[in-house]
Amino acid sequence: MTFLTNEKLVIVGAGGMIGSNMVQTALMLGLTPNICLYDIFEPGVHGVADEMAHCAFPGANITWTTDPEVAFTDAKYIISSGGAPRKEGMTREDLLKGNCQIAAQFGDFIKKYCPEVKHVVVIFNPADVTALTALIHSGLKPNQMTSLAALDSTRLQQQLAMEFGVQQDKVTNAYTYGGHGEQMAVFASKAMIDGKPLSELPLSAERWAEIKKATTQGGSNIIKLRGRSSFQSPSYQAVKMIEAAMGGEKFTWPAGCYVNCEKCGYKNVMMAMPTVIDAEGVHFTAPQGTEEEMAALASSYEHLQKMRDEIIELGIIPPVAEWATENPNL
């Protein structure tokens, strides 16, 4: 089997459902034979490693460990789902303190054991703030760290496809930006439905409000339907993000990235933007939308600032003025 690279990929939280799906997806897509499974829960990660062995992927060199030094040393790419999952009735924000503490330790491991890592994807919630925490603690450059935000846009795409009875990939230019939470900003003024502008199709204000609500609560609905938080979709999208960073197909769904843009008006947060991930890392541009869409994005940005300030108050990350001391690249 031909692989995209031979460099080491670490899956953090590999003993869980998201992590185990990421391992399998990465091998099925032929990203790298050298995958290290890391989790603090030995039976879980051990079991996943055995299952992957039983798949008998040609050329695979799968290792597993509960030791962070063994896992992170020589890592060139990392995807982390190593936080607590969301349960029914919980918001992503309910996970803030505990998962940001995990993210801080994760960043410390990167700085200590693999400062030469090329790209890191963080997908445990609230992803915008856990990724920001990890970035500050890791010492990495902003373009080397991304968080999962694509699911909000793919859920919007699905809703519009169902509404108009078209194949899902026939819906284009429909995205969400800002926070990966129910305060996300939905941008669909430029959406195309099988080549036709959404603005020219019959869609009442009431129905559009229902579509937006279904989009923002897409993750909650998965929990209600399946009894657990989503795992297949975040696994696939996260692996596609790291594939792009390895030099594979560019990732063009919105990704959470570090934004400190005076011109854009958004500073010192991780948030979903119009992005491209490639072998050089993540690149973003400023969103453009209607007055209503831009107001929604401003509101989402304010929510992200509040969560950021909350973890500053908890002492998990330092005040913004001191970030450069912790990470000279910020």
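**Salt bridges and a helix pair**

Trainee: Is Glu-292 buried or exposed?

Mentor: Glu-292 is exposed, with a relative accessible area of 58%. Buried means under 20% relative accessible area, exposed means over 50%, and partly exposed lies in between, using a 1.4 Å probe and protein chains only.

Trainee: Anything I should know about the model?

Mentor: It's a predicted model, where local features need pLDDT of at least 70 and side-chain atom pairs count only at pLDDT 80 or more, while totals for chains, interfaces and linings use all residues. Residues are numbered from 1 along each chain as its sequence is written, and side-chain values use heavy atoms, with hydrogens and water left out.

Trainee: Cool. What does Glu-292 form a salt bridge with?

Mentor: With Lys-212, and their closest N and O atoms are 3.8 Å apart. The pair links distant parts of the chain, 80 residues apart: Lys-212 sits in helix α7 (residues 205-216) and Glu-292 in helix α10 (residues 291-313). Helices are DSSP runs of H or I with at least four residues, numbered from the N terminus. A salt bridge here is a side-chain nitrogen of Lys or Arg within 4 Å of a carboxyl oxygen of Asp or Glu.

Trainee: How many salt bridges are there in the whole structure?

Mentor: A search turns up 9. Asp-152 and Arg-155 make one of them, with 4.0 Å between the closest N and O atoms.

Trainee: Where do Asp-152 and Arg-155 sit?

Mentor: They're 3 residues apart in helix α6 (residues 150-164), so about one helical turn separates them. Asp-152 counts as buried at 1% relative accessibility, and Arg-155 counts as buried too, at 11%.

Trainee: And Lys-267, what does that pair with?

Mentor: Glu-262, with the closest N and O atoms 3.4 Å apart. Lys-267 is partly exposed at 31%, whereas Glu-262 is exposed at 63%. Elsewhere, salt bridges that share partners join Glu-163, Arg-207 and Glu-210 into one network.

Trainee: New topic: at what angle do α1 and α2 cross?

Mentor: Roughly 25°, and the axes of α1 (residues 17-28) and α2 (residues 42-55) come within 10 Å. Axes are lines fitted to C-alpha atoms, for helices over the stretch in contact, with angles from 0 to 180 degrees between N-to-C directions. That makes α1 roughly parallel to α2, a label for angles under 35 degrees.

Trainee: Which residues make the contact?

Mentor: Ser-20, Val-23, Gln-24 and Leu-27 of α1, plus Val-48, Met-52 and Cys-55 of α2. Contact means heavy atoms within 4.5 Å.

Terms used. Helix = DSSP H or I, 4+ residues; strand = E, 2+ residues; numbered from the N terminus. Parallel < 35°, antiparallel > 145°, perpendicular 65-115°, else oblique.
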